[in-house]
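Got the viewer open? Here is a short tour, one selection at a time.

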Amino acid sequence: SLGGGNLYQAYQHTKNGGTDYFYVFDKSYEGTWTNLGSAHAVDCNYLSGIFGYDEAPGSWENLVLSRKFQKMIANFCKTGNPFYDVEWKPYSLENEEIMYFGNDRSYEIKIKYQHDRYSNFIKAMELDSTLSLKYVVSQAYCYMILQEEFGKETFPDMYPPYKVIIYN
């Protein structure tokens with residue numbers, strides 16, 4: 001659900017002369033949150049290197065991927081290029097290159113990853129400038145659904161109270 005909005009930012013920045021390195025972290029949660037699949041912020045455990053909780057159990061394979069991911073991000077912070085052991089090309093409007101981190105702990109450059117899905121999102125955003133606000137509201141709504149499904153112990157209130165109003 002977050003990919004479209006993030007890709008739209010990369011698209012706009014690149015379209016206006018900027019350089020973006022875009023990644024998709026398609027690694028599923030493990031442990032007690034396995035049923036969420038590849039959820040928002042699953043990459044944070046790999047960036048921080050903190051494992052061992054029920055939601056993110058540690059393993060040698062996860063630690064190895066974590067160190068590689070950390071080196072990529074550190075290289076980007078130091079040099080503006082996240083290259084580590086696989087060439088990470090900047091996102092371009094022609095090829096739509098992304099670094100794809102898979103559920104099997106692999107990573108590779110993919111060209112036009114889910115192009116139809118994301119290009120339709122970009123076209124819709126270009127046609128209706130109110131979609132960005134609708135998109136934020138839909139994220140808040142999804143979070144409420146997760147709270148209802150898994151409980152506030154798993155998904156505590158992170159934002160001030162809000163009310164979703166549906167307009168016809």
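Start with the second largest cavity: its lining is made up of four nonpolar and two charged residues, with no polar ones. Keep in mind that this is a predicted model. To see the lining, select Leu7, Glu96, Ile98, Lys112, Tyr113 and Tyr118. The space they surround comes to about 30 Å³. How many cavities of 30 Å³ or more are there? The count is two.

Next, keep Leu7 and Tyr118 selected, since both turn up again where two helices meet. Show helix α1, residues 3–15, and helix α4, residues 115–127. Their axes lie 9 Å apart, and the helices pack at an angle of about 70°. An angle of 65 to 115 degrees counts as roughly perpendicular, so that is how α1 sits relative to α4. The crossing is right-handed.

Now for the side chains and backbone at that contact. On α1, pick Gly3, Gly4, Gly5, Leu7, Tyr8, Tyr11, Gln12 and Lys15. Facing them on α4, pick Tyr118, Phe121, Ile122, Met125 and Glu126. Colour the contact by class and you get seven nonpolar, four polar and two charged residues.

Key:
Residues numbered from 1 in each chain as written. Predicted model: local features only at pLDDT ≥ 70, side-chain atom pairs only at ≥ 80, totals over all residues. Heavy atoms only, no water. 1 Å grid on protein atoms, 1.4 Å probe; cavity = no way out; pocket = protein on both sides within 12 Å on 5 of 7 lines; lining within 4 Å. Points joined across faces, edges and corners; volume = space filled by probe spheres on them. Nonpolar A, V, L, I, M, F, W, Y, C, P; charged D, E, K, R; others polar. Axes fitted to C-alpha atoms, helices over the stretch in contact; angles between N-to-C directions. Helix = DSSP H or I, 4+ residues; strand = E, 2+ residues; numbered from the N terminus. Parallel < 35°, antiparallel > 145°, perpendicular 65-115°, else oblique. Left-handed = near helix turned anticlockwise from the far one by under 90°. Contact = heavy atoms within 4.5 Å.
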